[in-house]
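This report describes the fold of one protein chain and some of the residues within it. Please keep the sequence and the structure in view while reading.

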Amino acid sequence: MRKRSPLSAVSLDRRSGLKLGVKESMEIVTGSSNPVEKTFLCDLSAIRKRLVVGDGAKAWLAEHIERVPENIFQAETLSEDALVIRIHRNQWVLIDGNAVSRYDEVFTMPTGAHGEVLLLDYECVDLALGGSQVDKIMSELCPLPMDDIEAHFWCTTRMAHTDVVIIPYDLPARHYRVIATPADARFLYDIFISALDDLGGVQI
């Protein structure tokens with residue numbers, strides 16, 4: 001069943017030059033005729049994400065991926081920029097990377113119980129905000145000092161009075177993944193768009 005990012009329709013309403021496309025059965029904004037300038041906003045919601053839960057989750061993951069984080073909120077970067085994060089005593093989130101087929105076994109496996117493990121789709125909206133002035137935007141919206149957050153760290157916080165997860169990245173350029181519930185995504189999106197307008201940024 002094709003799903004649609006809650007941001008795709010408003011993206012087309014608010015900005016010209018944007019195109020819809022389908023990735024992993026989700027309709028998202030996939031193209032833009034606008035040049036990348038100072039700051040950018042991307043909708044990455046279609047990237048596959050799985051939640052692995054249970055007393056046997058760590059051992060199960062070790063059979064399918066090369067590294068499993070030991071500490072709560074610790075993340076490990078995997079092949080092709082995939083990411084795995086321990087978010088609870090017995091819960092890990094696996095986020096797909098650039099090589100769509102690398103972790104197909106995990107992402108195409110039916111959801112539900114697999115022995116001692118419960119495998120679920122991790123439903124969220126995933127935005128990437130980056131560019132030369134991204135730290136200025138983040139510091140205005142988030143109470144945490146961005147320099148204190150390590151790269152690839154799963155940081156739960158509040159942004160514009162909304163509960164979010166922030167994951168900083170240093171490569172290929174400084175940017176942040178902001179993960180929120182679908183219910184909060186439209187509000188955050190409008191906040192980001194307002195900041196982009198002020199700085200001459202674009203959506204891509």
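## An exposed loop residue

Glu150 has a relative accessible area of 58%, and it therefore counts as exposed, since the cut-off for that class is over 50%. Glu150 is located in the loop between H4 and S12. Its C-alpha atom is 9.5 Å from that of Asp170, although 20 residues separate Glu150 and Asp170 in sequence. These values, like those that follow, were computed from a predicted model.

## The chain as a whole

The protein chain contains five helices and 15 strands. It has 204 residues, and 50% of them count as buried. The accessible surface of the chain is about 9900 Å², and carbon and sulfur atoms contribute 50% of that surface. Among the contacts with a separation of 6 or more, 54% are between residues 24 or more positions apart.

## Helix H5 and the nonpolar cores

Helix H5 covers residues 182-199. Its 18 residues should span 26 Å at 1.5 Å a residue, and because its end C-alpha atoms are 26 Å apart, the expected span and the model agree. The buried residues of H5 are Ala185, Leu188, Tyr189, Phe192, Ile193, Ala195, Leu196 and Leu199. A general point about helices helps in reading such a list: an α-helix has 3.6 residues a turn, so residues three or four places apart point the same way.

Buried nonpolar residues can be grouped into cores. In soluble globular proteins, nonpolar side chains tend to be buried together. The largest nonpolar core of this model has 27 residues, and those with the most contacts inside it are Leu41, Leu129, Met138, Met159 and Phe192. At least two residues of this core come from each of S11, H4, S12, S13, S14 and H5. H5 supplies the largest share, namely eight residues.

Phe192 illustrates how distant parts of the sequence meet. Beyond residues up to four places away in sequence, Phe192 touches Leu41, Leu127, Leu129, Leu141, Met159 and Val178. A second, separate core has 17 residues, including Leu61, Val68, Leu78 and Phe107.

Leu141 belongs to helix H4, which covers residues 134-141. Leaving aside neighbours within four places in sequence, Leu141 is in contact with Arg158, Met159, Ala160, Ile191 and Phe192. The C-alpha atoms of Leu141 and Ala195 are 9.7 Å apart, with the two positions 54 residues apart in sequence.

Thr157 is found in strand S12, residues 155-159. Its relative accessible area is 13%, so Thr157 counts as buried, the cut-off being under 20%. Apart from neighbours within four places in sequence, the contacts of Thr157 include Cys142, Leu144, Asp163 and Ile166.

## A strand enclosed on both faces

How many of the five residues of strand S5 are buried? Five of the five are, so S5, residues 49-53, is largely enclosed by the rest of the structure. Lys49, Leu51 and Val53 are buried on one side of S5, and Arg50 and Val52 are buried on the other.

S5 pairs with two other strands. With S8, residues 91-95, the pairing is antiparallel over five bridges. With S10, residues 117-121, S5 is joined by four bridges and also runs antiparallel. Leu51 stands opposite Val93 in S8 and opposite Leu120 in S10.

## Salt bridges

Side chains of opposite charge can pair when their charged atoms come close. The model has eleven salt bridges. The table lists some of them.

| Basic residue | Acidic residue | Closest N and O atoms |
|---|---|---|
| Arg48 | Asp96 | 2.8 Å |
| Lys49 | Asp126 | 3.3 Å |
| Arg158 | Asp163 | 2.8 Å |

The pair Arg48 and Asp96 links distant parts of the chain: Arg48 lies in the loop between S4 and S5, Asp96 lies in the loop between S8 and H3, and they are 48 residues apart. Arg48 is buried, with a relative accessible area of 12%, and Asp96 is buried at 6%.

Lys49 in strand S5 and Asp126 in strand S11 are 77 residues apart. Lys49 is buried, with a relative accessible area of 6%, and Asp126 is buried at 0% relative accessibility. By contrast, Arg158 is partly exposed, with a relative accessible area of 39%. Salt bridges that share partners join Arg48, Asp96 and Asp104 into one network.

Definitions and conventions:
Residues are numbered from 1 along each chain as its sequence is written. This is a predicted model: local features need pLDDT of at least 70, side-chain atom pairs count only at pLDDT 80 or more; totals for chains, interfaces and linings use all residues. Side-chain values use heavy atoms; hydrogens and water are left out. Buried means under 20% relative accessible area, exposed over 50%, partly exposed in between (1.4 Å probe, protein chains only). Contact means heavy atoms within 4.5 Å. Accessible areas come from the Shrake-Rupley method with a 1.4 Å probe; for residues, only the protein chains shown count as cover. The expected span of a helix is 1.5 Å times one less than its number of residues. A nonpolar core is a set of buried Ala, Val, Leu, Ile, Met, Phe, Trp, Tyr and Cys residues joined through side-chain atoms within 4.5 Å. Two strands pair if DSSP finds at least two bridges between them. A salt bridge is a side-chain nitrogen of Lys or Arg within 4 Å of a carboxyl oxygen of Asp or Glu.
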